[in-house]
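Hi everyone, and thanks for coming. I'd like to walk you through a protein that may be new to you, so settle in and have a look at it with me.

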Amino acid sequence: MAGNLREHLVAYFQQHQKIVEAGALELLLDHSHPLVVSREVIDRSGEVNPFVTREMVENVLSEEGSPGPVARSRGDRPPGPNEPPPGAATLPFRLIQDGYSGPPTGETPLLAYSALFHSRFRSLSRLLRGRPGLDNLRPIRELRMSDGACSVIGMVRDVRETPQRHHLILTVDDDTGSLEVLVPKGSPGARLTVLPDEVLGLRLEFGKEAKRLPRVVAVERPDVPPTRNVGRARRPIRAIFLSDLHLGSRSFLSENWGHLADFLHGRGPHGEMAASIDHVVVAGDLVDGIGIYPRQEKDLAIGDVVEQYAELGRRLADLPDRMTIVVIPGNHDAVCPAEPQPALPTNLTRGLGPNVRILSNPSTFALEGVVVSAYHGRSFDDLIPAIPGASYSRPTEVMKRMLQMRHLAPIYGDRTPLAPSGRDGLILDPAPDILVTGHSHTYGVDRYRGVLLLNASTWQAETEYQRMRNIIPVPARAALVDLSTLGVQTLDFSAGDPQVLEVAG
Ligand SMILES: [Fe+2]
Ligand SMILES: [Fe+2]
């Protein structure tokens, strides 16, 4: 069975203070969306019952209309050349979670957004509950001055600074009410940049005077556990991570793409390395799209979006068809821009080969048992201006912050449109082994608490629009990851055969 996925599921339940029985685990491992079902089981099991039984999983499965076991979910296409039959050892590819959970229901937008934020609060507060640093945890409505020292978990509604002493005042909400707290200037909490709509655990102290706000003495973010099992493939198979192809743009780097295709086919000095690559991941902005920015038409070589996707099909067909190619959309792609974005529709993907997996943005999947979360990265446009010192040239610093918040795009109402949905699909749960983004058109490799962070470059040269916005791209690079060690090599395709670069990480 899928050993690494099994460990991930057990760890996932442990994180939620649940013990999963063996029979329940087997049933979950046979399902095509085990984490979606697991989350539902946890939601329904309540806080008191620590056990997850086979019967509880069966109950959820009997009611859901989601795809069934792996063998059935493959009905849309035959197993690929590298895929073992159902039930065999670790699958080369396994979808764990679609960020996109369907269009909003018939509710009013206000109700739908309220459901979204409740879902976010519930999911992230579950990760914070039970922490030693958050003892005497209380719902906001039940807080009393007589509590002395206590803790709350809240979603940040507002952050402001007092005019004279420059203390911070946070307004946070939970399911029961709203609270203002003071973060004194110079205290550890004041050194953090608190973002709107993130979920925090706050350790509080009440003073003796009734009109004084409770003071924050410590702040806990959901974060990634400091120690955990990291997934590893059982064989030395590699995956190559790319992003931001922008097909249809005049600036698409056709020649460099040719070098990449030559390399992957084993033509040139790195044939042995290429032979070990079975997976390609492309983190969005597959095409340049139309009408994405002012006067884009003059930058387009292909002015018809259907034709742009036909060209995408031809370019992906340049790569060896033994490779599984995972693609997610980005903000230039022809799907609804609100995140999570759905997978590309079938009318645009007819030209893509049977080896191409077309997923939503974000998506979490396992490659040889290694859990990968792929997110295009539109929220960089909101997070970079909001975090002092953050920059498009160092995207992995912002990705660390995403892991600390366990959320890819928390800020509502800015440049990243959020889709109203009953489930917040932008939460990072489980924490992946690899988090890959694009969008910044730069390149970065880093690690955070065992998670490999990749920002996967671009195949578009600098455009006039980017020059105007002072974005200096780092194109034609690829991150090559050995899935058995999570070691990374950076390949630069800017001139013929790839140069292997030394990049920290
Ligand atoms: Fe892009
Ligand atoms: Fe983008």
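**A walk through the model**

Let's begin with a hairpin: strand S4 and strand S5 (residues 168–173) pair in the antiparallel sense, with six bridges between them. Before I go on, please keep in mind that this is a predicted model. Within that pairing, Met155 stands opposite Asp173 in S5. Six residues lie between the two strands of the hairpin, and His166 there takes a positive phi near 60°.

S4 has another partner as well. It pairs with strand S7 (residues 199–205), again in the antiparallel sense, over seven bridges. If you want a landmark in that pairing, find Gly154, whose bridge partner in S7 is Leu200.

Now for a residue in the loop that leads up to S4. Leu134 is found between helix H6 (109–128) and strand S4 (149–161). Is Leu134 buried or exposed? The answer falls in between: Leu134 has 18 C-beta neighbours inside 10 Å, so it counts as partly exposed. Leaving aside residues up to four places away in sequence, Leu134 touches Leu128, Ser151, Gly201, Arg203 and Glu220. For a sense of scale, Leu134 and Arg447 are 313 residues apart in sequence, and their C-alpha atoms are 27 Å apart in space.

Let's step back to the domains. The protein is divided into domain 1 (1–68), domain 2 (132–220) and domain 3 (238–501). The C-alpha centres of domain 1 and domain 3 lie 31 Å apart. Their contact takes seven residues from domain 1 and four residues from domain 3. Which element gives the most to the domain 1 side? That is helix H1 (residues 3–15), with five residues. By type, the domain 1 side has four nonpolar, three polar and no charged residues.

Next, a helix: H3 (residues 34–45). How far should its 12 residues span? At 1.5 Å a residue the expected span is 16 Å, and the end C-alpha atoms are 16 Å apart, which agrees. H3 is mostly covered, with nine of its 12 residues buried. Among them are Leu35, Val36 and Val37, and also Arg39 and Glu40. Just after H3 comes Gly46, whose phi is positive, near 75°.

On to a sheet of seven strands. It is open, its pairing is mixed, and the order is S12-S11-S10-S9-S18-S19-S20. Strand S12 (356–358) and strand S20 (499–501) stand at the edges; each has a single partner strand, so one side of each is left without a neighbour in the sheet. From one strand to the next, the twist averages 25°.

Inside that order, look at strand S9 (residues 238–242) and strand S18 (residues 477–482), which pair in the antiparallel sense over four bridges. Here Ile240 has Leu480 in S18 as its bridge partner.

One last stop, in the loop between helix H12 (464–468) and S18: this is where you will find Val474. Val474 has 16 other C-beta atoms within 10 Å, so it is partly exposed. What does Val474 touch, not counting residues up to four places away in sequence? Its contacts are Thr442, Tyr443 and Ser457. Val194 is 280 residues away from Val474 along the chain, and their C-alpha atoms are separated by 30 Å.

That's the tour, and thank you for listening.

Conventions
Residues numbered from 1 in each chain as written. Chains lettered and ligands numbered in written order. Predicted model: local features only at pLDDT ≥ 70, side-chain atom pairs only at ≥ 80, totals over all residues. Domains from an automatic or database assignment. Contact = placed C-beta atoms within 7 Å. Nonpolar A, V, L, I, M, F, W, Y, C, P; charged D, E, K, R; others polar. Pairing = 2+ DSSP bridges. Axes fitted to C-alpha atoms, helices over the stretch in contact; angles between N-to-C directions. Buried ≥ 20, exposed ≤ 12 C-beta atoms within 10 Å, placed from the backbone. Expected span 1.5 Å × (residues − 1).
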